[in-house]
Amino acid sequence: MLQKEQVDSLKVFTAIDLSRQIHREAHQIDEEYKYANEAIDIALGINDTLLYARALDNLGLLRRFHQEYAEALVMHAKAFNLIKDKPVKPIYKMIIGNNAGVAGRYNQQYDRAIAFYMETLKIAEAEEDIKNIAISSNGIGNALGHIAGREEESLKYYKRSLKAEKERGNSLGIAMNLLSIGDHYTDKGNFDEARKHLDQLMKINRERNDKYGLAITHQFYGKNYFKEGKDLKKASFYFQNALERFTEMGDKHKEAELLYSLGEIQTEQNQPKKAKVSFLNSLALAEALRHHGLIMNNSYKLSQIYEEENNASQALDYVKQAKIYEDSIKFTDQQVEIAALVRKYDLEKKENFIQLLEKDKALQQTLLKNQEQKLERRRIFIFLLALIIVAIVVIGIMQYRIMQTRRKTTMLVQEEEKKKMNAIYERNLAQAEILSTRLQINPHFLFNSLNAIKYLIQSEQNQKASKYLIVFSRYTRMVLETSKKHTVPLPEELQLARYYLTLESNRFEKDFTYQINDYDEHKLEKAKVPPLLLQPFIENAIWHGLLPSKKEEKILRIDISSEEKLIRIVIDDNGVGRKKVVSNPREQKHSSMGMKITQDRIALYNDSHSSKLFYKVIDKKDENDQPTGTRVILEITNFNKKSYKKEDFLNLK
């Protein structure tokens with residue numbers, strides 16, 4: 001049909017249908033993408049905005065089905081932006097907008113997901129489209145549920161979606177929202193209210209005779225009782241029931257998840273042998289499925305069990321395996337983001353090329369008309385005067401030279417534009433790779449710490465080596481745990497900083513000392529900060545401030561103070577100051593990029609949370625204007641406090 005079709009617009013629909021059919025029946029990824037891209041090329045060629053948007057949306061869906069969420073988001077977002085202000089049928093805007101929201105949510109870009117869902121919800125309300133009101137509201141609820149401090153808002157949208165689904169009599173939609181509401185109450189600790197909604201969900205799934213729905217309901221009952229912690233036997237019963245149902249359906253992913261959950265319960269019940277079996281079975285399934293997240297989680301749990309059994313070798317092996325998969329997950333995520341940038345660049349280049357062809361076609365037509373007019377005038381002049389013929393020849397030569405000049409100028413402009421686009425792409429790609437590298441744990445620090453332990457053992461300082469190894473193990477585990485979180489409580493961040501300072505001070509022995517003042521953890525526990533926020537400042541103080549210093553006494557102090565709605569952290573060293581670092585170009589570049597990353601993390605935190613983070617770096621000097629060290633001041637406002645103005649913070653002393 002695609003080969004025989006003569007109408008370009010129908011070719012677009014045929015190519016889209018063909019890509020979907022291959023996905024459903026043959027599941028050949030390369031073939032699916034081939035025809036999806038062909039639909040895009042045809043739509044671009046006929047300059048039809050709606051067809052082009054629908055072709056992009058189709059490719060985005062295929063990308064999402066194959067879990068390429070970053071690239072799916074690029075396609076859906078571009079498609080929606082193309083038509084949102086165009087006079088096209090609202091149904092297309094709602095479908096594509098909701099698809100963009102789903103891709104953003106799956107790619108953990110919850111702010112972008114909410115923006116797309118909100119625009120779609122406005123359109124659905126204006127059209128009184130109950131179906132899309134339900135879809136958009138549920139999507140907003142799911143996205144808000146993943147943003148710290150916004151969970152209560154999600155409940156309002158779940159209930160709105162549930163009401164809409166009841167109005168249209170959609171039992172599946174009702175079931176999905178009951179599950180979301182029940183899980184919300186479980187996460188908030190309102191276990192009885194959660195079970196009321198799960199009871200309704202169980203009744204609906206029984207009426208629907210939905211095997212998958214019944215299995216997932218049992219799983220969420222298990223989660224409810226497990227988080228409540230009062231009746232672990234009942235939690236185990238529901239997880240076991242769900243496991244048997246998913247096993248019967250052949251759902252290996254769910255089997256692996258539930259075995260991991262059973263292992264967690266058995267750990268809480270002080271049954272390490274049973275827990276070990278559950279985690280090992282879950283790990284085996286996860287490895288067969290290549291589910292890196294479950295492999296990582298099971299490996300961490302097994303490392304803890306072997307550590308408690310004093311089997312240090314096995315514990316270390318599983319920690320290493322977990323770290324490898326954690327790094328693999330982060331690296332894969334970065335590679336996907338980079339691939340999305342590359343494909344976005346290629347798509348924009350293709351669009352620009354089509355536009356250039358259209359302009360060139362128009363220019364050629366204009367030149368052709370001009371040439372015909374010249375020929376006509378030339379025939380007339382031939383019959384009139386030989387001198388006019390000479391004049392026409394001269395004019396023709398001049399026009400030819402002008403045309404050649406214009407052509408060369410056009411080629412130069414196009415070449416410059418191409419270079420500019422390549423430069424922008426390479427700069428963005430380099431920044432993405434820098435961020436990817438920065439997110440990983442510094443391997444030099446790990447290797448240096450392990451070498452320090454090896455030295456202590458070889459020098460028969462076994463007691464000191466044992467203490468160092470314990471601190472190193474706790475630090476490593478804590479880094480691995482906190483790196484999976486968006487924010488951590490401030491006491492955890494301070495404990496991580498304490499571990500890091502202990503390791504560095506032991507490794508460098510008498511090169512520097514550190515002091516951390518006493519603080520009230522109870523007053524700090526409500527404050528949450530991005531993980532590993534303090535370490536770059538402490539690392540700079542040690543490596544660029546204290547170690548290069550020739551002072552006999554090198555001190556690093558961390559002072560924490562709290563007021564009613566303000567927490568202040570001061571990192572102070574008596575090192576060589578920042579001027580010494582600036583004098584080294586490589587150090588300056590490294591420090592600048594480190595501060596840029598820290599500023600970006602703080603800016604992202606401030607945009608996403610009601611509490612706010614500010615910092616200031618002060619160069620300390622003596623009476624002779626000589627550097628005496630560096631002081632970094634970080635301030636965290638409490639959740640109900642107004643945000644600082646930048647000019648207010650500049651007056652901080």
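Helices whose axes meet at an angle over 145 degrees count as roughly antiparallel. This cut-off applies to several of the helix pairs shown in the following views of a predicted model.

**Figure 1. Packing of helix α12 against helix α13 in the predicted model.** Helix α12 covers residues 232–249 and helix α13 covers residues 252–268. Their axes cross at roughly 160 degrees and come within 9 Å; α12 and α13 are therefore roughly antiparallel to each other. The crossing of α12 past α13 is left-handed. On the α12 side, the contact involves Leu-232, Ala-235, Ser-236, Phe-239, Gln-240, Ala-242, Leu-243, Phe-246 and Thr-247. On the α13 side, the partners are Lys-254, Glu-255, Leu-258, Leu-259, Ser-261, Leu-262, Ile-265 and Glu-268. By class, the residues of this contact comprise 10 nonpolar, 4 polar and 3 charged.

**Figure 2. Packing of helix α11 against helix α12.** The axes of α11 and α12 lie 8 Å apart, at an angle of about 155 degrees. That angle makes α11 roughly antiparallel to α12. Helix α11 passes α12 in a left-handed crossing. From α11, the contact draws on Lys-211, Tyr-212, Leu-214, Ala-215, Ile-216, His-218, Gln-219, Tyr-221, Gly-222, Lys-223, Tyr-225 and Phe-226. From α12, it draws on Leu-232, Lys-234, Ala-235, Tyr-238, Phe-239, Asn-241, Ala-242, Arg-245, Phe-246 and Met-249. The contact of α11 with α12 is made up of 14 nonpolar, 4 polar and 4 charged residues.

**Figure 3. Burial and span of helix α12.** At 1.5 Å a residue, the 18 residues of α12 should span 26 Å, and the distance of 26 Å between the end C-alpha atoms agrees with this. The buried positions of α12 are Leu-232, Ala-235, Tyr-238, Phe-239, Asn-241, Ala-242, Leu-243 and Phe-246. Elements covering these buried residues include α11, which runs over residues 211–228, and α13. Just after α12, Gly-250 adopts a positive phi of about 75 degrees.

**Figure 4. Packing of helix α5 against helix α6.** Helix α5 (residues 90–106) and helix α6 (residues 110–127) have axes that come within 8 Å and cross at roughly 155 degrees. The two helices, α5 and α6, are therefore roughly antiparallel to each other, and their crossing is left-handed. Helix α5 contributes Pro-90, Lys-93, Met-94, Gly-97, Asn-98, Ala-100, Gly-101, Val-102, Gly-104 and Arg-105 to the contact. Helix α6 contributes Tyr-110, Ala-113, Phe-116, Tyr-117, Thr-120, Ile-123, Ala-124 and Glu-127. The contact of α5 with α6 contains 10 nonpolar, 5 polar and 3 charged residues.

**Figure 5. Surroundings of helix α5.** Helix α5 has 17 residues and reaches 24 Å from its first C-alpha to its last, close to the 24 Å expected at 1.5 Å a residue. The helix is mostly covered, with 12 of its 17 residues buried. These buried residues are Lys-93, Met-94, Ile-96, Gly-97, Asn-98, Asn-99, Ala-100, Gly-101, Val-102, Ala-103, Gly-104 and Arg-105. They pack against α3 (49–65), α4 (69–83), α6 and α7 (130–144). Just after α5, Gln-108 takes a positive phi of about 65 degrees.

**Figure 6. Environment of Lys-93 in helix α5.** Lys-93 counts as buried, at 12% relative accessibility, where the cut-off for burial is under 20%. Leaving aside neighbours within four places in sequence, Lys-93 is in contact with Phe-80, Ile-83, Lys-84, Lys-86, Val-88, Thr-120 and Ile-123. The C-alpha atoms of Lys-93 and Ile-123 are separated by 7.9 Å, although these residues are 30 apart along the chain.

**Figure 7. Environment of His-197 in helix α10.** Helix α10, which holds His-197, comprises residues 191–208. His-197 is buried, with a relative accessible area of 11%. Not counting residues up to four places away in sequence, His-197 touches Leu-178, Ile-181, Gly-182 and Tyr-185. Between the C-alpha atoms of His-197 and Leu-179, which are 18 residues apart along the chain, the separation is 7.3 Å.

**Figure 8. Overall context of the close-up views.** The protein has 25 helices and 7 strands. Of its 653 residues, 41% are buried. Among contacts between residues at least 6 apart in sequence, 60% join residues at least 24 apart.

Note on methods. Residues are numbered from 1 along each chain as its sequence is written. This is a predicted model: local features need pLDDT of at least 70, side-chain atom pairs count only at pLDDT 80 or more; totals for chains, interfaces and linings use all residues. Side-chain values use heavy atoms; hydrogens and water are left out. Axes are lines fitted to C-alpha atoms, for helices over the stretch in contact, and angles run from 0 to 180 degrees between N-to-C directions. Helices (H or I, at least four residues) and strands (E, at least two) are DSSP runs, numbered from the N terminus. Angles under 35 degrees count as roughly parallel, over 145 as roughly antiparallel, 65 to 115 as roughly perpendicular and the rest as oblique. A crossing is left-handed if the near helix is turned anticlockwise from the far one by less than a right angle, and right-handed if clockwise. Contact means heavy atoms within 4.5 Å. Ala, Val, Leu, Ile, Met, Phe, Trp, Tyr, Cys and Pro count as nonpolar, Asp, Glu, Lys and Arg as charged, and the others, Gly among them, as polar. The expected span of a helix is 1.5 Å times one less than its number of residues. Buried means under 20% relative accessible area, exposed over 50%, partly exposed in between (1.4 Å probe, protein chains only).
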